[in-house]
Amino acid sequence: MESFILISIVTAIAGIGGTGMGGVLGSLFRKSSNRVISLLLAATSGVMIAIVCFDLLTEGIEAAKSFAGSGAVLVVGATVLLGLGVVALLNYVIDRTTRSEVPHTAAANHPEAHDDIDELSHIDHYNQHAAARDPKRDLWIAGVVIGCAIALHNIPEGMSIGASYAIQDAGAESAAFILAVLIGLHNIPEGMAVAVPLIAGGMGRLKAVLLTAASGAPIVLGAWLGLWLGDIGAVGLSCSLGFASGAMLYVVFGEIIPQAVLMYRSKLPAFFVIVGILIGMGLIYL
């Protein structure tokens, strides 16, 4: 029960607190990106990569050896692909549902990969409606779309925290808290992307901040799921660690690193990713 309460508080701070802080910044400055955030995201992604590869996956393989033997790597690898596939599918559904609103992304010759930071964070929907002087209701809907996308992503992110805590050793608990801090930092610019169109759509600043913070709440549900799966035995622990790792790797390589690069448009974020990996290794092994 104590673990349940602790992990709930930690993930609530990371999810609700992180997006809420972004909402506050968005309501004050109405700016969703800058170079400082780019480098912060890059370093954060590097630490996440280190924790996933040197902690979560190795623990998952060790747990899988108790029931799969030499096939442990295959079992964890399959769950990694499952986690990656589920989050990729969620992104595909959101993109396909909303891309018709924006002529640029809906064009037949437009590449599937996002080539603009606003496109990646779905704030391009808000920009399109604002440029066309559409009714405020359309601006508000753009904010809701971004909020829903963030809410869906927060579930597997929460699973990574819960599954880490379920390993039940001091190092794993530290990794869980580090992940929570990193995810909270990652949620700040996402919260800004939600708050800006909501406020532009006519919503009061306080209400917009509260709704933005609420979009981070599903991370707590994900943490509960990861903790529960980890507690039911070696099978549940290895599968939850693998699934959460796959989801996190998709978020890192499919969203956070591209977001950092598009914000800065230089090779410097790549350097900070490597620095983040080294920091993560130090946190795990020192």
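The following paragraphs lead through the fold, the surface and the nonpolar cores of this protein.

The structure is a predicted model. Its secondary structure comprises 12 helices and zero strands, and the pattern read along the sequence is accordingly α-α-α-α-α-α-α-α-α-α-α-α. Among contacts in the protein with a separation of 6 or more, 81% are between residues 24 or more positions apart.

Of the 286 residues in the protein, 53% are buried. The area that the protein exposes is about 12600 Å², and carbon and sulfur atoms supply 70% of that area.

The interior can be approached through its largest nonpolar core, which has 48 residues. Within this core, the residues that touch the most other members are Met48, Ile51, Ile161 and Leu179. At least two residues of the core come from each of α1 (2-29), α2 (35-68), α3 (72-98), α7 (136-166), α8 (170-200), α10 (218-231) and α11 (234-264). The helix that gives the most to this core is α2, with 12 residues.

Leu179 offers a detailed view of the packing. Leaving aside residues up to four places away in sequence, Leu179 touches Met48, Ile51, Leu56, Ser160, Ile161, Ser164 and Met248. Three of these partners, Met48, Ile51 and Ile161, are listed together with Leu179 as the core residues that touch the most other members.

A second core, separate from the one just described, is made up of six residues. Leu198, Ile199, Met203 and Ala208 are among them.

Definitions and conventions:
Residues are numbered from 1 along each chain as its sequence is written. This is a predicted model: local features need pLDDT of at least 70, side-chain atom pairs count only at pLDDT 80 or more; totals for chains, interfaces and linings use all residues. Side-chain values use heavy atoms; hydrogens and water are left out. A nonpolar core is a set of buried Ala, Val, Leu, Ile, Met, Phe, Trp, Tyr and Cys residues joined through side-chain atoms within 4.5 Å. Buried means under 20% relative accessible area, exposed over 50%, partly exposed in between (1.4 Å probe, protein chains only). Helices (H or I, at least four residues) and strands (E, at least two) are DSSP runs, numbered from the N terminus. Contact means heavy atoms within 4.5 Å. Accessible areas come from the Shrake-Rupley method with a 1.4 Å probe; for residues, only the protein chains shown count as cover.
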